[in-house]
Amino acid sequence: MSLVERLLRERHERTFKLLESYEVDGRVILTREVSSRTTLDTNFEYLMGDKNVGAAAAIVHDGIVEGIVHEIDKGMFEAFSNVGKLYTYRKYEELLSRIKERVKGKTLLADYVEIEENERRAFSSLNALTSAMKEFLEKYATLKPAGEFVLKLRGVKTPGEVEALKKATEYSREIAEELPNMITEGMTERELASKLYAEIRRYGEPSFPVIVAFHENTANPHHRPSYRRLESNGPILVDFGVRYGTMCADTTRMYYHGSPTEDYLLVHEAVYEAKNYVEEHLKPGITGKEAHEMAVEYLRERGYAEYFTHSLGHALGLETHDIGPGLNPYEKRKLEPFNVVTVEPGVYLPKRFGVRLEDDVVITEGGVERLIHVPKTVIIV
Ligand SMILES: [Mn+2]
């Protein structure tokens with residue numbers, strides 16, 4: 001059985017089981033045509049193993065998952081056809097009439113949010129149903145927002161999903177270890193980014209657009225690769241991940257071209273130790289807020305707390321910023337086994353340099369399992 005096929009079996013079982021606790025007949029996902037494989041429709045991918053290219057639908061009821069995809073996309077869903085039921089269409093009207101036939105008279109969870117659900121509005125995958133599609137479905141079925149359901153479903157990973165994440169992080173680690181061989185003095189950030197993309201695509205897809213920053217650009221946490229050239233002495237920040245088997249890895253590494261300054265070494269050590277300290281203390285029952293504060297307190301003792309300007313980490317899974325508890329100052333939810341989060345403290349000294357180190361961890365019964373672990377020492381290139 002392929003990894004994706006195994007994932008789908010687990011996800012279908014989990015979906016059926018969770019649906020029992022809702023007063024609905026099932027669930028409906030209606031997607032629009034998409035041109036990118038890394039955005040939207042992750043709830044569709046959750047059940048079907050791949051994202052649609054043309055418009056498509058997935059309907060869950062009575063212990064079956066039914067997919068309706070364009071005939072041309074059929075090959076993409078081979079793994080799915082072993083674990084669910086697949087319909088194909090040629091003309092858009094055929095898709096609509098098939099949907100109508102499958103949803104008629106049912107009460108279904110759908111991917112839209114009530115506007116007052118502030119916390120969930122930000123996640124596009126919880127809000128992927130367009131108002132036109134919603135209007136169409138409501139002619140035949142009763143809809144309820146799926147937000148809470150999706151949070152429960154995707155926040156806690158299945159064993160197969162963790163296995164896929166292990167692969168994704170393993171490939172990412174291999175690339176990170178190869179990276180020093182790709183760096184040459186005088187190259188631009190864009191040149192290094194393009195080499196990185198080539199490596200990532202040997203294994204899977206990029207989890208998100210890569211970040212490559214040289215010198216003072218490392219002080220900008222979300223820097224976009226530019227024409228900045230690598231000079232004789234300075235830090236290099238690389239943030240990337242391989243997406244494999246529908247799961248996203250995410251790691252940030254620091255390299256140093258030349259000899260690191262005393263200042264740089266102090267910041268690097270503080271960030272590494274803060275990350276390590278949090279990872280040693282993370283366990284079920286701790287809230288995301290508490291975890292974030294652990295890192296802040298650790299950095300405060302070293303005098304860097306005010307330069308740590310973002311969240312400690314986020315949920316990781318089908319999306320790089322996945323649905324589930326994150327490690328941030330607002331997160332009241334408690335961590336539980338099989339949550340997956342990033343741990344990525346950073347210290348950014350404006351106009352000078354920044355250091356961010358990022359690992360991915362699975363919450364276990366007693367603590368965490370580190371899927372990827374950045375080295376303690378500064379990598380000199
Ligand atoms: Mn991250």
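Author: A residue is buried if 20 or more other C-beta atoms, placed from the backbone, lie within 10 Å of its own, exposed if 12 or fewer do, and partly exposed in between. This is a predicted model, in which local features need pLDDT of at least 70 and side-chain atom pairs count only at pLDDT 80 or more, while totals for chains, interfaces and linings use all residues. Residues are numbered from 1 along each chain as its sequence is written.

Reader: Is E13 buried, exposed or partly exposed?
Author: E13 is found in helix α1, residues 3–19 (helices are DSSP runs of H or I with at least four residues, numbered from the N terminus). Because E13 has 13 C-beta neighbours inside 10 Å, its class is partly exposed.

Reader: What distance separates the C-alpha atoms of E13 and T188?
Author: Along the chain, E13 and T188 are 175 residues apart. Between their C-alpha atoms, the separation is 48 Å.

Reader: How many Å separate the centres of domain 1 and domain 2?
Author: An automatic or database domain assignment gives the bounds, with domain 1 covering 3–155 and domain 2 covering 159–380. Taken over C-alpha atoms, the centres are separated by 32 Å.

Reader: Which helix gives the most to the side of domain 1 that touches domain 2?
Author: The contact (C-beta atoms, placed from the backbone, within 7 Å) takes 18 residues from domain 1 and 16 residues from domain 2. On the domain 1 side, at least two residues each come from α1, α2 (42–48) and α7 (147–155). With 5 residues, the helix that gives the most to this side is α1.

How values were computed. Two residues are in contact if their C-beta atoms, placed from the backbone, lie within 7 Å.
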